[in-house]
Amino acid sequence: MEHDKGSGVQSVARIFSLIEVLSAHPKGASLQAVSAESGLPKSTAHRLLASLVSLGYAVQDSVTTHYRLTLKMFELSSGVVNDMDILSVARYHLDRLSRDADEAVHLVVQDGADIVYVYKADAGTGGMRMSSHVGLRIPMYCTGVGKAILATQSYTDAERVWKKSSIRALTPHTITGFDAFVESLRRVRADGYAVDNEENELGIRCVALAVPGMRGRAEAAFSISGLAARMTDARIAELARLGIRTRQDILRDLGW
């Protein structure tokens with residue numbers, strides 16, 4: 001029985017590893033890519049993918065033979081996401097912010113040492129189209145939204161997230177020292193918003209604001225992102241003002 005239990009847990013773990021790989025490739029991934037990224041043998045990956053397809057959670061493109069998740073998977077997660085008061089309330093205000101700023105706007109929630117995108121409003125004709133998507137998971141330490149959230153939490157919380165993260169320089173601007181990271185959180189508290197200075201992706205700057213709960217601690221934040229050449233310090237300050245107004249509107253509608 002113990003052997004069967006272990007095999008069952010292993011099978012579930014393998015299925016979810018495939019789901020995580022496919023979620024990172026919304027346009028589809030080849031069997032070879034899925035096998036390589038999940039660390040599973042091709043035969044095992046093929047068998048498990050076939051199971052996902054037969055259950056309706058994935059589909060295989062008849063032309064490219066690539067696999068991708070279906071809306072059935074989204075329907076499962078949307079039940080959780082739609083129950084989040086912050087998303088249902090913030091959606092209208094974030095859409096307006098994206099139109100006013102003419103930049104991409106994202107809403108994220110904290111999940112351990114990472115943040116997960118739960119909503120995205122693309123920029124209009126003047127702004128850029130970003131490759132980010134709902135469901136994307138990235139570390140907190142190298143993002144404006146992550147810093148905005150952690151600035152509302154304790155030193156111990158920030159230290160815990162730092163220790164749980166695989167700290168590396170994603171760009172030449174990524175903060176990789178804990179003391180410098182703590183100092184950056186101090187600046188966020190002083191300014192009321194965070195700035196991602198090409199720390200997660202070269203060529204992209206972001207303004208981020210936490211959405212605190214009733215006691216001041218935040219587990220969600222939103223950002224305004226754009227090309228670094230366009231996001232001058234003056235524009236950052238302008239977008240921060242728009243973001244602060246948007247946050248006030250969200251908190252008012254949340255009744256906080």
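**Exercise 1. Determine how many helices and strands the protein chain has, and what share of its residues is buried.**

Solution. The model is a predicted one. Its protein chain has nine helices and eight strands. Of the 256 residues of the protein chain, 46% count as buried. The chain exposes about 13,500 Å², and carbon and sulfur atoms supply 53% of that area. For contacts between residues at least 6 apart in sequence, 57% join residues at least 24 apart.

**Exercise 2. Establish the strand order of the open sheet of six strands, and explain which strands stand at its edges.**

Solution. Begin with the order, which reads β5-β4-β3-β8-β7-β6, with antiparallel pairing. Next, consider the two ends: β5 (137-139) and β6 (194-197) each have a single partner strand, so one side of each is left without a neighbour in the sheet. From one strand to the next, the twist averages 30 degrees. In general terms, strands of a sheet pair through backbone hydrogen bonds, either parallel or antiparallel.

**Exercise 3. Describe how β7 is joined to β6 and to β8.**

Solution. First, take the side of β6. Four bridges join β6 to β7 (residues 204-212), and the two strands run antiparallel. Two of the pairs can be named: N197 has R205 as its bridge partner in β7, and V195 has V207. The two strands form a hairpin with six residues between them.

Second, take the side of β8. Here eight bridges join β7 to β8, again with an antiparallel course. R205 has G226 as its bridge partner in β8. Five residues lie between the strands of this hairpin, and G216 takes a positive phi near 95 degrees.

**Exercise 4. Decide whether β7 is largely enclosed or open, and examine its two faces.**

Solution. Count the buried residues, meaning those under 20% relative accessible area. Nine of the nine residues of β7 are buried, so the strand is largely enclosed by the rest of the structure. Then separate the faces: one side carries I204, C206, A208, A210 and P212, while the other carries R205, V207, L209 and V211, and all of these are buried. Finally, look for a helix: α9 (residues 233-254) lies across β6, β7 and β8 (218-227), running at about 25 degrees to β7.

**Exercise 5. Characterise the packing of helix α2 against helix α3.**

Solution. Two packed helices are described by the angle between their axes and the distance between the axes. The axes of α2 (residues 31-38) and α3 (residues 42-55) come within 9 Å and cross at roughly 110 degrees. Angles of 65 to 115 degrees count as roughly perpendicular, which makes α2 roughly perpendicular to α3. The contact involves L31, Q32, V34 and S35 of α2 together with K42, A45, H46 and L49 of α3. By type, the residues of this contact divide into four nonpolar, three polar and one charged.

**Exercise 6. Locate T65 and E198, and state what is notable about the phi of each.**

Solution. Start with T65, which lies in the loop between β1 (58-60) and β2 (67-69). Although T65 is not a glycine, its phi is positive, at about 65 degrees. T65 counts as partly exposed, with a relative accessibility of 42%.

Turn then to E198, which is found in the loop between β6 and β7. Its phi is near 60 degrees, a positive value in a residue other than glycine.

How values were computed:
Residues are numbered from 1 along each chain as its sequence is written. This is a predicted model: local features need pLDDT of at least 70, side-chain atom pairs count only at pLDDT 80 or more; totals for chains, interfaces and linings use all residues. Side-chain values use heavy atoms; hydrogens and water are left out. Two strands pair if DSSP finds at least two bridges between them. Axes are lines fitted to C-alpha atoms, for helices over the stretch in contact, and angles run from 0 to 180 degrees between N-to-C directions. Contact means heavy atoms within 4.5 Å. Angles under 35 degrees count as roughly parallel, over 145 as roughly antiparallel, 65 to 115 as roughly perpendicular and the rest as oblique. Ala, Val, Leu, Ile, Met, Phe, Trp, Tyr, Cys and Pro count as nonpolar, Asp, Glu, Lys and Arg as charged, and the others, Gly among them, as polar. Buried means under 20% relative accessible area, exposed over 50%, partly exposed in between (1.4 Å probe, protein chains only). Accessible areas come from the Shrake-Rupley method with a 1.4 Å probe; for residues, only the protein chains shown count as cover.
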